[in-house]
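Reader: I would like a close look at the salt bridges in this model, with attention to which side chains pair, how far apart their charged atoms lie, and how exposed the partners are. Please also say something about the nonpolar core, for contrast.

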Amino acid sequence: MARDRDLMEQARSTTGLDDFGKGDFRIGLEVLIASLENEARLNATGEQAIYGRILLHLQQRLQIEDWYRRHPEIDEEVIAAPLFGVSLPRTGSSALSFLLSSDPAIRYLRVWESAQPCPPPGTVEGSDPRRGGDAGALDAQLKGGKRTPTGIDGAMECQDMMALNMASQIFLAFAKVPRYAEWLLNADMRATYAYHKRALKLLQWREPRRPWRLKAPSHLLYLDALDRAYPDARFVMTHRDPSDVLLSVCTVYADIMGKFTDSLDHAWIGELNLRSWAEGMRRAITFREQGGNDARFYDIHFKAMQRDPIGEVRGLYAWLGKDVSPAFAQAMAQWWTQNDERQPSVKAAPTLFGLDISEVRAAFADYLGHMEQWAPLRDAA
């Protein structure tokens with residue numbers, strides 16, 4: 001039996017369920033498995049961790065469909081006017097996400113529910129046993145034993161929600177999978193975002209309805225499909241010099257991937273990230289220039305965020321027509337004070353990843369011009 005079918009059968013047998021819903025995920029699953037088997041050169045740790053993660057997503061998809069079967073009213077939930085962070089990685093977007101999650105009046109994707117959305121949190125009485133449990137532990141393992149300083153209820157990116165449809169950039173950080181990377185770059189993501197919304201409805205069900213604050217850098221690549229699923233969405237974009245971004249994100253990929261292979265290919269990591277993020281920004285510029293889309297974006301410069309994070313959030317909230325409550329402001333200040341090591345202190349040389357800074361800047365030349373318009377840095381220190 002092929003490994004993709006074996007994993008699906010294992011998911012069925014461990015859950016006692018057999019309905020995965022619409023079959024769109026099978027394409028990504030087949031490409032991912034083939035790429036892992038033929039290109040990734042995983043070590044034993046990588047085999048256990050990555051295939052275990054795929055199995056977990058398959059199990060959760062079965063459980064999501066079971067909840068919908070028993071409670072079709074879940075589909076009546078409305079995800080109204082979500083705010084998506086759609087920045088390049090390593091631009092302060094995670095710090096912004098953590099600050100926004102400090103607002104008691106909003107809803108965000110929590111660490112413990114990200115990889116394990118079932119049972120729906122609104123159906124659990126008392127403290128949820130997933131808080132700080134296996135989902136967080138597996139996430140830590142996949143990220144090389146490092147946990148983002150968000151706390152037990154911290155904010156997570158949308159990658160796990162997208163992995164439910166086996167179309168997630170999270171897999172690119174785990175292993176060298178060129179075939180999957182090529183497929184993902186050009187994939188039709190409409191079904192993935194439709195399932196992303198299906199999962200959010202489940203998480204929102206039986207909870208007080210609050211506006212969602214969500215985030216993933218890979219949304220840059222698929223704004224058309226994201227917009228189709230969430231036509232009333234608005235977007236916040238943090239900005240930073242791409243030459244700093246690329247080196248930082250490559251270092252993160254190498255730290256993670258190096259745990260799962262004994263044949264780490266630094267040059268491929270550099271090539272992957274340069275191509276992916278340059279294309280993502282090209283698509284984002286095109287999207288923003290269509291119709292009135294640019295008015296749906298709020299922009300923040302990385303250095304402005306470092307200087308005055310709460311002030312930048314106040315500006316964002318004013319744009320949203322919201323107030324920053326005293327409790328929210330106090331929670332943000334506390335988080336910022338407690339998490340003052342948000343960027344890696346040591347960077348590798350660009351040549352390790354086959355990167356030439358002048359070529360990086362050339363690849364992002366159009367974006368650099370737009371960044372000056374979107375997020376002009378005033379009163380720089």
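Author: What follows goes through the salt bridges pair by pair and then turns to the nonpolar cores. The model is a predicted one, and the count of salt bridges in it comes to 27. In general terms, side chains of opposite charge can pair when their charged atoms come close.

A pair within one helix serves as the starting point. Arginine 12 forms a salt bridge with glutamate 9, and the closest N and O atoms of the two are 3.7 Å apart, a distance that is accepted because the cut-off for a salt bridge is 4 Å. Both residues belong to helix α1, which covers residues 3-15, and because they are three residues apart in that helix they are separated by about one helical turn. Arginine 12 has a relative accessibility of 26% and so counts as partly exposed, while glutamate 9, with a relative accessible area of 39%, is partly exposed as well.

A further pair joins two helices. The side chains of arginine 275 and glutamate 182 meet in a salt bridge with an N to O distance of 2.5 Å. This pair links distant parts of the chain, since arginine 275 lies in helix α12 (residues 266-288) and glutamate 182 in helix α8 (residues 178-185), with their positions 93 residues apart in the numbering. Arginine 275 is partly exposed at 45% relative accessibility, and glutamate 182 is partly exposed at 36%.

Another salt bridge brings together the side chains of arginine 190 and aspartate 188, at 2.6 Å from N to O. Here too the partners are partly exposed, with a relative accessibility of 42% for arginine 190 and 49% for aspartate 188. Elsewhere, salt bridges that share partners join Arg107, Arg110, Glu113, Glu207 and Arg210 into one network.

The contrast you asked for comes from the nonpolar residues. The largest nonpolar core holds 99 residues, and among these Leu36, Ile54 and Leu58 touch the most other members. Helix α3, residues 44-70, supplies the largest share of this core, namely 10 residues. Leaving aside residues up to four places away in sequence, isoleucine 54 touches Leu7, Leu29, Leu32, Ile33, Leu36, Met166 and Phe171. There is also a second, separate core of 24 residues, which includes Ile300, Tyr317, Met332 and Trp335. Members of a core are buried by definition, which means a relative accessible area under 20%, whereas arginine 12, for example, is partly exposed at 26%.

Terms used. Residues are numbered from 1 along each chain as its sequence is written. This is a predicted model: local features need pLDDT of at least 70, side-chain atom pairs count only at pLDDT 80 or more; totals for chains, interfaces and linings use all residues. Side-chain values use heavy atoms; hydrogens and water are left out. A nonpolar core is a set of buried Ala, Val, Leu, Ile, Met, Phe, Trp, Tyr and Cys residues joined through side-chain atoms within 4.5 Å. Buried means under 20% relative accessible area, exposed over 50%, partly exposed in between (1.4 Å probe, protein chains only). Helices (H or I, at least four residues) and strands (E, at least two) are DSSP runs, numbered from the N terminus. Contact means heavy atoms within 4.5 Å.
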